[in-house]
Amino acid sequence: MTTQVKHYINGEWILGQGDKQIAVTNPANNETIAVVNAANDAEVLSAIDSAKTAFQSWKEVPVSERARVMLKYQHLLKEHHDEIATILAQETGKTFDDAKGDVWRGIEVAEHACNIASMMMGETVENVARSIDTYSYTQPLGVCAGITPFNFPAMIPLWMFPLAIACGNTFVLKPSEQDPMTPQRLIELFEQAGAPKGVVQLVHGDKTAVDILLTHPDIKAISFVGSVNVGQYIYKTGTDNLKRVQAFAGAKNHCVIMPDANKQQVINNLVGASVGAAGQRCMALSVAVFVGAAKEWIPELKEAIAKVKPGLWDDKDAAYGPVISPAAKQRVVSLIAQGKAEGADCLLDGTDFTVEGYESGNWVGPTMFDKVTTDMSIYKEEIFGPVLCCMNAETLEEAIAIVNDSPYGNGTSIFTASGAAARKYQHEIEVGQVGINVPIPVPLPFFSFTGWKGSFYGDQHAYGKQAVRFYTETKTITARWFESDIAVASAPNMTID
Ligand code: NAD
């Protein structure tokens, strides 16, 4: 029997009355494993309304009690780690280890939310003028919403709702319609952790549901993660409707390899960071810029990437799984064809790769191009598949100029044994997350996820102190108390015990 994915509205799990049914498929064979009725307008409006009502009481719950819900939640997520990862692997095709990593990086944010009291502390200055003190509080905004992509169905929702709710907000989550079962499980566990009715709402659907969230006056802030075009649309529409918006978008991440780097470390790291997770990571290293003699390592890198074998989520030998959908596969293989037509040197072509018995799945084998130039489509487009583009530069300056000319700025890495080269790179590069001999430099939750340029629209980023600023308002109070008004001083018959 096909599973029916549910919405969570006003503390009730419902199937939804919407006319549009969306199939959730196993990317390894495209068989339907679940269906979800996209929420209709009335259901989305009811979720917002219920979140608005719940806000009135949730914002009064003491911060330590809110933190205790997060503590319980973190514990439950850890207890159910393997179970969530299994659901996630089945609907995304990710290998089990990769699925566990997706969940774990989300658990770390829930863990971070347990520390909410110290993160919400304001500032104080005594005696800003005679007998006058100024101090600030951070207060929640109201109803916040999150719109999330398919590629991290546990981590990215967990970037958003635990911190927003720990701050005292209520939250409406609209996850990707391609893998909604993982978010459903996350919300079930949140309910089990003791979140009161209405504090979190889960609505499934697509653009129709998103458009209501973007325009509804009761939604105060929107967190979005997804592709560039949709990110720009969300940012423009949300801000046009006078909302606070943070929109994390697509990427094209470069890795610069200096000839003094540790060759084996470079090869090992590049294999996983380029084609791992089928290249469906916003921090994947999809462009490798070899400086000077480092280009002589390309044949060895090719040999290592050629050994990578995709497979089923529960195959322990599989390095990665299929891409999410037939449309995603079609896009990747057509970009590979364009790469060849535009004159790049195709060293490995995964277009025809398949897994025996699963020929109808969305498989793409590891693919590698050399002699890629910045005018080619495979360079300009985010491929979001297991495809590595290699380029050459004569000097570090030339490599830095290539990276800085890219419209994206999510992540980058340099591999080198030179502290001076690393220092120059970290200082001059116009990218928000930089790795030095580290391939995928995703900061832990006590920092923030700080993409730049076309990879991010907004100012306050995900998790860490920036997320707390995003999900709160600052109230600054200036107070004067007159000493002459102290009752005991002016009333001679009053005593102090
Ligand atoms: P997507 O943009 O297609 O979808 C993201 C969300 O937006 C989904 O919930 C979807 O239902 C909704 N949506 C889709 N089209 C819409 C429209 N026209 N109007 C309103 N809402 C719409 O993204 P995806 O394919 O699910 O995810 C992959 C993309 O996400 C990649 O580009 C990747 O780089 C990016 N991503 C970025 C980060 C980051 O931190 N920068 C992290 C993960 C993924």
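Me: What is a salt bridge?

Reply: A salt bridge is a side-chain nitrogen of Lys or Arg lying within 4 Å of a carboxyl oxygen of Asp or Glu. Please note that the model before us is a predicted one. In it, D82 and K100 form such a pair, with their closest N and O atoms 2.7 Å apart. D82 belongs to helix 3 (residues 81-92) and K100 to helix 4, so the salt bridge ties together parts that are 18 residues apart in sequence.

Me: How many salt bridges does the rule give in total?

Reply: The count comes to 16 salt bridges. Among them is the one between D102 and K94, whose closest N and O atoms are 2.9 Å apart. Another joins the side chains of D370 and K371, at 3.6 Å from N to O. Salt bridges may also share residues: E83, R185 and E188 are linked in a network of them.

Me: Are the partners D82 and K100 buried or partly exposed?

Reply: The general idea is a scale of relative accessible area: a residue under 20% is buried, one over 50% is exposed, and one in between is partly exposed. D82 has a relative accessible area of 39%, so it is partly exposed. K100, with 26%, is partly exposed as well. Now consider the pair D102 and K94. D102 counts as buried because its relative accessibility is 0%, and K94 counts as buried at 10%. In the pair D370 and K371, D370 is buried, with a relative accessible area of 7%.

Me: Which residues does a buried residue such as H112 touch?

Reply: For contacts, one sets aside the residues up to four places away in sequence and asks what else the residue touches. H112 lies in helix 4 (residues 96-113) and is buried, with a relative accessible area of 11%. With those sequence neighbours left out, H112 touches M119, L163, P445, F446 and G464.

Me: F446 is in that list. Which surface patch does F446 help to form?

Reply: F446 forms a nonpolar patch on the surface together with L444 and F447, and the three have about 340 Å² of accessible area together. L444 is placed in the loop between strand 20 (434-436) and strand 21 (452-453). Its relative accessibility is 39%, so L444 counts as partly exposed.

Me: How should I read the packing of two helices, for example helix 8 and helix 9?

Reply: One considers the angle, the separation of the axes, the handedness and the residues in contact. Helix 8 (residues 207-215) and helix 9 (residues 228-240) pack at an angle of about 35°, and their axes are 8 Å apart. The crossing of helix 8 past helix 9 is right-handed. From helix 8, the contact is made by K207, V210, D211, L214 and T215, and from helix 9 by Y233, I234, T237 and G238.

Me: L214 takes part in that contact. How far apart are L214 and V287 in sequence and in space?

Reply: Sequence and space are two separate readings. V287 and L214 are 73 residues apart in sequence, and their C-alpha atoms are 34 Å apart. V287 lies in strand 14 (residues 285-291) and counts as buried, because its relative accessibility is 0%. Apart from residues up to four places away in sequence, V287 touches K252, N253, H254, C255, Y379, L388, C389 and M391.

For a second case, take E43 in helix 1 (residues 41-58). The C-alpha atoms of E43 and E12 are separated by 12 Å, and the two residues are 31 residues apart along the chain. E43 is buried, with a relative accessible area of 8%. Beyond its neighbours within four places in sequence, E43 is in contact with I9, I14, G16, Q17, G18, A38 and V203.

Me: Which residues other than glycine have a positive phi?

Reply: Most residues other than glycine have a negative phi. Two cases to examine here are N10 and L242. N10 has a phi near 50° and lies in the loop between strand 2 (7-9) and strand 3 (12-14). L242 has a positive phi of about 60° and is found in the loop between helix 9 and strand 12 (244-248).

Me: How do N10 and L242 read on the scale of accessibility?

Reply: N10 counts as partly exposed because its relative accessibility is 34%. L242, at 79%, counts as exposed.

Notes: Residues are numbered from 1 along each chain as its sequence is written. This is a predicted model: local features need pLDDT of at least 70, side-chain atom pairs count only at pLDDT 80 or more; totals for chains, interfaces and linings use all residues. Side-chain values use heavy atoms; hydrogens and water are left out. Patches are made of residues with over 30% relative accessible area and no salt bridge: like charges are joined within 9 Å, nonpolar side chains (Val, Leu, Ile, Met, Phe, Trp, Tyr) within 5 Å. Accessible areas come from the Shrake-Rupley method with a 1.4 Å probe; for residues, only the protein chains shown count as cover. Helices (H or I, at least four residues) and strands (E, at least two) are DSSP runs, numbered from the N terminus. Buried means under 20% relative accessible area, exposed over 50%, partly exposed in between (1.4 Å probe, protein chains only). Axes are lines fitted to C-alpha atoms, for helices over the stretch in contact, and angles run from 0 to 180 degrees between N-to-C directions. A crossing is left-handed if the near helix is turned anticlockwise from the far one by less than a right angle, and right-handed if clockwise. Contact means heavy atoms within 4.5 Å.
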